[in-house]
Amino acid sequence: MAIDSRTRSGLAVLAALAALTAGACVEVRDDSGGGDGGTVDGPLEIAVVPKAVGHEFWSTVRAGAECAAELAGDVTVEWDGVSAETDVEGQVNLIQNFVTQEVDGIVYAATDAAALAPATQHALDAGVPVAMIDSGTDPQPDEVPLYATDNRAGAVEAANLLAQALGEGEHDVALIEFQPGSQTNTERVEGFTEGLAQHGNLNLVGQQPSHSDVNEARRVTEDILTANPDLAGIFAANEPSVLGAAQAVEAAGKSGEVVIIGWDAAPDEIAGLRDGQIAALVVQNPFRMGFFGVQNMVEHLREGTPMTSADTGVTFVTRENIDSEEVQAVLEPSCDNPPVGQ
Amino acid sequence: MPVSRSPRPDPSATAATAVESVTGARDRFRESLREHLSSAVSEFTAATALIVLFVALSLASPHFLTADNLFNIGSQTAVIAIIAVAQTMIIITKGIDLSVGAVAALAGVVGAIVVRDLGFTVWEATAVAVGVGASAGLVNGLLIAGARLPPFIATLGMMSAGRGLVFIITGAVGVYSLPESFQLLGNGEIAGVPFAVAVTAAVALGSAFLLSQTRFGQYVYAMGSNMEAARRSGIAVRRHLTAVYVLAGALVGLGGMVAASRVNSGQPNYGIGLELDVIAAAVIGGASLFGGQGRIAGTLIGAFLIAVVRNGSVLLDISIHYQQVIVGLIIWAAVYFDQFRRRRLEARG
Amino acid sequence: MSAGRGRTSRGPGRGDGAPPVLEARGIVKRFGHVEALRGADFAVHRGEVVALIGDNGAGKSTLIKVLSGAQPQDGGEILVDGRPQRFGSPLDARRAGVETVYQDLAVADDLSVAANLYLGREIRRRGLPGRLGLLDKRAMRRGAAAALEQLGVRVPRVTTPIAMLSGGQRQSVAVARAVVWATSVVILDEPTAALGVVQTARVLEVIERARDAGRSVVLVSHNMPQVLEVADRVEVMRLGRRTARFRAADVTTDDLVAAMTGALATEPEDAADLH
Ligand SMILES: Nc1ncnc2c1ncn2[C@@H]1O[C@H](COP(=O)(O)OP(=O)(O)OP(=O)(O)O)[C@@H](O)[C@H]1O
Ligand SMILES: [Mg+2]
């Protein structure tokens, strides 16, 4: 019958879609550890969960995590994440699923400090140790360490860099934040305003979020430039914000005229730095976050060493120092020469 | 018309018509005026709001009514307008497309990748992006018209599957290192007009023409108004409904490419929440989620209204949170006035 | 209102042994467990008005949807001019010259009167624009206005959306659409249900005129005086089958009521032993 064949073709399409989705899971869950270890405690399976997949930053975290796993031997990294940082509930579910799967440990970055606190507790109650990277929870249990950038200190320093680049005299500056309400965003915004307070000659005339979308960052920056033709400097607080801000400044024909201090180090940000569109970048060490998270987790699991929090540090990258060995190790991290020494 | 085969005039009918034409001339005139107004009232309400907003912002900020700012608003509205046009066609058929954000991102990253890795020109890449969008639309259309899934469900699936594909294809990182020429579509100009605005205008005019002047357009409204009536009138509803989704998908692909071109990169996270913006634009412009109603002109005004609210808020440095509240109020007001108008028309003698 | 029955000719082919212009034989139609038609028969000859009557739920509307291709049957066959034909879609019925006014109307509320009259057979512009699908809206407005005037249907304007018409006006438009396009058979499922006295009289006139023009009419109605006034023959349905047939001239309202309730049957026993 006609109806039957129609239903059947519909089912076939559904099946194809399901297959694609299944394919997605296989690709994202990359088993990178080997099976050749010989350690006393046997193979370990550690879940590493970013805030969201989709940005350079988290790919570098993953590289660090997998590097630590490889060096430790016989450790498998289960990498999985939600697709938008705003999907807090999705991340809660993901963490719970990993607990259900009985992974040996969970290393993750909380999309929301308060909302993920119960998820961490749930894991600990189930006997799965947790280490936080990049963003912790509130409250955060004593036995859970945080390997993260001190965002506040980095942002204070960004304000100092901006003041330094602009020099004497009154200057209008703007702030492109990314996700109002998120912990990291709040810390950077507070750090930057705290830093600005030290420089009475800088006036904050505009503050708008990009929602981590380049298009939106570009749009709000264009509008801020329109409203403030004398704008002298911009601090853009994450990768999409920086890219959008730089494009807006360029479109307005003000490249180099408006000083941009950015955060993170995506390839196009580095290119902008070399071109002079961006004055300086505050670069975190996501590789070290992933590395420390997994390394300390493995030591904890195999030797019972308690895990303790550590600042993973920031590097201020400018056109002058970008080609130095030290900066290159941070920018192009590889497992052959991991930027983790300290 | 076959009726001419029985050309015998009917005296009673003719007499009645004559009587009516004397006594009812004024009523009829009023009636006709009301009809013309009624079809334009949604646009009229939204356009009035837009004008009021323009005046208010011109007074509030010296930078609002400047060539540069208008140029910016135009470019900023382009993508949402193109995709809102697509959404409008679907809404007229009593459907909804939740997958526009994901499909736009998919088209954008594929367009960026073929330029970066295969050396396609920006025009070839645009064709590819449009093809990607149309394919996604075809899947939506087959699921809805063929497998009879509700549009909400079919496109919800596409929203998820499409976003997943984006991450698979890109490995979840942005597609960068594109040649300067990639920006042509989103950042170029012709004769002082942003290229993106010209593309939007062409899309809007073409779609408005299609909907109002062609048989296909007539069927779009007929299907949304009463699918069973359309079917019993001999319209091939499955084919036409699928075609609407394919066409809309193609436009979404184009919009995704313009967005990617504008930021010179393929962004895997692009367009999350975009579906809500474009549905809002269509609804503010008078499209009815119950189908059968909606016009491109109204949708464009809706898209501009949202864009101008956002632009004005940044010019005045109003927090994002208030912007969201304002857009919400506009949606309520627009739909309320629209229903108020309809109730009044229905209540008429 | 004129008494049509005495006035008009019976049209060609009537009573001379020619096959019915439209005939249903042993139609079966199920909706899940409900058997709406259980071997229903029906026939209409060229140039005659046949009333199809029966109690609520007897299966009249279902039979009509089968005869118009809107709901293909599960069993039995349809014959056009004596030749079996498959009505797989409304288009098939339309090609055979059969037009229908459905009980649930099937008009597109948001479209104008003119657009509804031409729905599915729009007039396109001449030449290339037409082949690209461009509509000749002016021609359709004019054609619609002329057709409605000829049928005595009054609407404010042909550009008025159907949603703004009264129930009776909508029904009149639906009747006009069927009558205007039918080349062979017009089927009307309770076309006067929502109409006032004057409008009802008009519809009956329209039916007579269609018959005079050589078309056949199938009329479903619960109004017995009306049926006897306008019909040449009456077929009675009960529980999904035809149970009786009469010439309208030879029958009274009481006979019809008896047939509908099952007290009277003219059809062979296999139909009568149903209950
Ligand atoms: N789409 C449907 N799904 C399920 N049952 C149906 C459907 N259409 C009709 N029926 C059933 O078929 C039977 C006949 O219905 P039909 O509409 O043909 O009756 P009718 O003779 O036209 O009645 P009325 O005089 O009330 O219009 C009823 O029992 C009805 O419930
Ligand atoms: Mg009925």
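Glu222(A) pairs up with Arg262(B) in a salt bridge, with 3.2 Å between the closest N and O atoms. The term salt bridge stands for a side-chain nitrogen of Lys or Arg within 4 Å of a carboxyl oxygen of Asp or Glu. Across the interface of chain A and chain B, the rule turns up one salt bridge. The model is a predicted one, so local features need pLDDT of at least 70 and side-chain atom pairs count only at pLDDT 80 or more, while totals for chains, interfaces and linings use all residues. Residues are numbered from 1 along each chain as its sequence is written, chains are lettered from A and ligands numbered from 1 in the order in which they are written, and side-chain values use heavy atoms, with hydrogens and water left out.

Back to the two chains. Contact (heavy atoms within 4.5 Å) links 39 residues of chain A with 41 residues of chain B. Between them the chains bury about 3500 Å², and carbon and sulfur atoms carry 57% of that. Buried area here is the accessible area (1.4 Å probe) that two parts lose on being put together, summed over both. The interface of chain A and chain B also has 17 residue pairs in polar contact, both residues being at pLDDT 80 or more. A polar contact is a pair of N or O atoms within 3.5 Å; within protein, one must be able to donate a hydrogen and the other to accept it, and residues adjacent in sequence count only if both atoms are side-chain atoms.

On the side of chain A that touches chain B, at least two residues each come from α1 (2-28), α2, β7 (202-209), α7 (214-227), α8 (239-251) and α9 (267-275) of chain A. The largest share there, ten residues, belongs to α7(A). Helices (H or I, at least four residues) and strands (E, at least two) are DSSP runs, numbered from the N terminus. By class, this side of chain A splits into 17 nonpolar, twelve polar and ten charged residues. For that split, Ala, Val, Leu, Ile, Met, Phe, Trp, Tyr, Cys and Pro count as nonpolar, Asp, Glu, Lys and Arg as charged, and the others, Gly among them, as polar.

Within chain A, the domain assignment gives domain 1 (43-149 + 286-313) and domain 2 (151-284); such bounds come from an automatic or database domain assignment. The centres of domain 1 and domain 2 of chain A, taken over C-alpha atoms, sit 29 Å apart. In chain A, 13 residues of domain 1 are in contact with 14 residues of domain 2. The area buried between these two domains of chain A is about 1100 Å², with 46% of it from carbon and sulfur atoms. His55(A), Glu56(A) and Thr149(A) supply 38% of the area that domain 1 of chain A buries against domain 2 of chain A, more than any other three residues. The rule finds zero salt bridges across this domain interface of chain A, but four residue pairs are in polar contact there (both at pLDDT 80 or more). On the domain 1 side of that interface, α2 (56-72) and α10 (286-303) of chain A are the elements giving two or more residues.

Over all chains, the structure holds 23 salt bridges. One of them joins the side chains of Lys51(A) and Asp134(A), at 3.9 Å from N to O. Lys51(A) lies in the loop between β1 (44-49) and α2 of chain A and Asp134(A) in the loop between β4 and β5 of chain A, so this pair ties together parts that are 83 residues apart in sequence.

The loop between β4 (130-133) and β5 (146-148) of chain A also holds Pro139(A). A cis peptide bond joins Asp138(A) to Pro139(A), with omega about 0°. Another backbone feature is at Glu102(A), where phi is near 60°, a positive value in a residue other than glycine. Glu102(A) is found in the loop between α3 (88-100) and β3 (105-108) of chain A.

Ser309(A) belongs to the loop between α10 and β11 (310-311) of chain A. Neighbours within four places in sequence aside, Ser309(A) is in contact with Pro145(A), Leu146(A) and Tyr147(A). A polar atom of the Ser309(A) side chain lies 2.9 Å from the backbone nitrogen of Leu146(A).
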